[in-house]
Amino acid sequence: MKLLLVEDDPAMQTTLQRALSRRGFAVQACGDGRVALQSWLDAPPDVVMLDLSLPGMDGLQVLDAARRQGLRTPVLILTARGTVGDRILGLNAGADDYLPKPFDLEELEARLRALVRRSTSLALEAETLPGPSALLVGELRCEKDSGAIYFRDQVLELSPRELALLQTLMAKPGHAVTKERLFELVFPGEQDVQYEAIEVVVYRLRKKLAHTGVTLMTLRGLGYLLKANE
């Protein structure tokens with residue numbers, strides 16, 4: 001499991017690299033934002049652990065640039081900034097999870113592995129998409145290779161959880177996907193997450209689809225489905 005560790009504190013970087021290497025991660029470490037982005041582009045890892053306070057480019061800039069260039073690697077933000085506002089900024093920029101310092105090493109490992117499991121599940125789902133390269137629902141297009149979703153020729157700006165949910169629904173347009181299945185893909189192995197959290201992701205995604213001519217429908221007792229408006 002390849003991990004890109006982006007941490008500018010030398011002592012923290014060394015400690016984490018040693019501890020996670022002992023736990024089976026192949027850790028590549030760097031302490032500069034620009035270097036981290038280039039490393040990410042050159043050799044995409046399985047998961048990224050990203051500090052926010054970095055020289056060159058701060059963590060949010062690195063994350064935003066990576067997402068804009070189509071990098072979908074799951075990202076855990078690890079930082080001393082523990083305020084709710086900073087957490088929201090990170091998640092809105094495309095982070096998958098957030099762990100403030102100080103932290104428990106066992107929890108850190110569990111969160112990293114959960115992110116990789118979710119990413120792997122989505123990749124397996126994508127392999128089942130019909131057609132040579134893309135899946136269409138109305139004017140939405142999901143590229144099989146990259147997993148990116150377009151409305152007409154513009155990439156939809158989605159959080160990783162919204163993207164996971166929409167990819168799953170686009171694989172079965174017009175057919176209901178159960179809430180249980182969606183929860184497994186959007187929150188894999190995250191036992192501390194309430195089951196109702198999937199409804200929050202659905203609500204946010206539905207707002208982002210409002211202008212696309214595609215409707216995310218709720219079917220009581222069955223789940224959710226995606227339907228192109230006539």
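Here is a short conversation about the folded chain in this predicted model.

Me: Happy to start broadly: how many helices and strands does the secondary structure of the protein chain come to?
Reply: Glad to help with the overview. The protein chain has 230 residues, and 43% of them are buried. Its secondary structure comes to eight helices and 11 strands.

Me: Thanks! Which element gives the most to the largest nonpolar core?
Reply: The largest nonpolar core has 29 residues, and L165, L166, M170, L216 and L226 are those with the most contacts inside it. Elements that give two or more residues to this core include β6 (134-137), β7 (140-143), α6 (160-170) and β11 (223-228). With six residues, the element that gives the most is α6.

Me: And how many residues are in the second, separate core?
Reply: This core includes A36, W40, L52 and A95. It is separate from the largest one, and its residue count is 21.

Me: Let's go back to M170. Which residues does M170 touch, not counting residues up to four places away in sequence?
Reply: M170 is among the residues with the most contacts inside the largest nonpolar core. Leaving out residues up to four places away in sequence, M170 touches L135, V137, L140, R141, C142, I149 and L226.

Me: Nice. Now the open sheet of four strands: which strands stand at the edges?
Reply: The strand order in this open sheet is β6-β7-β8-β9, with antiparallel pairing. An edge strand here has a single partner, so one side of it is left without a neighbour in the sheet. That description fits β6 and β9 (154-155).

Me: Which residue in β7 is the bridge partner of A134?
Reply: β6 and β7 run antiparallel and are joined by four bridges. For A134, the bridge partner in β7 is E143.

Me: One polar residue caught my eye: is Q13 buried or exposed?
Reply: Q13 sits in helix α1 (residues 10-22). Its relative accessibility is 18%, and the cut-off for burial is under 20%, so Q13 counts as buried.

Me: Which residue has its backbone oxygen 3.5 Å from a polar atom of the Q13 side chain?
Reply: Not counting residues up to four places away in sequence, Q13 touches L5, E7, A29, C30 and G31. The backbone oxygen lying 3.5 Å from a polar atom of the Q13 side chain belongs to C30.

Me: Last one, on the surface: what share of the exposed area do carbon and sulfur atoms supply?
Reply: The protein chain exposes about 11,600 Å². Of that area, the share supplied by carbon and sulfur atoms is 52%.

Terms used: Residues are numbered from 1 along each chain as its sequence is written. This is a predicted model: local features need pLDDT of at least 70, side-chain atom pairs count only at pLDDT 80 or more; totals for chains, interfaces and linings use all residues. Side-chain values use heavy atoms; hydrogens and water are left out. A nonpolar core is a set of buried Ala, Val, Leu, Ile, Met, Phe, Trp, Tyr and Cys residues joined through side-chain atoms within 4.5 Å. Buried means under 20% relative accessible area, exposed over 50%, partly exposed in between (1.4 Å probe, protein chains only). Contact means heavy atoms within 4.5 Å. Two strands pair if DSSP finds at least two bridges between them. Accessible areas come from the Shrake-Rupley method with a 1.4 Å probe; for residues, only the protein chains shown count as cover. A polar contact is a pair of N or O atoms within 3.5 Å; within protein, one must be able to donate a hydrogen and the other to accept it, and residues adjacent in sequence count only if both atoms are side-chain atoms.
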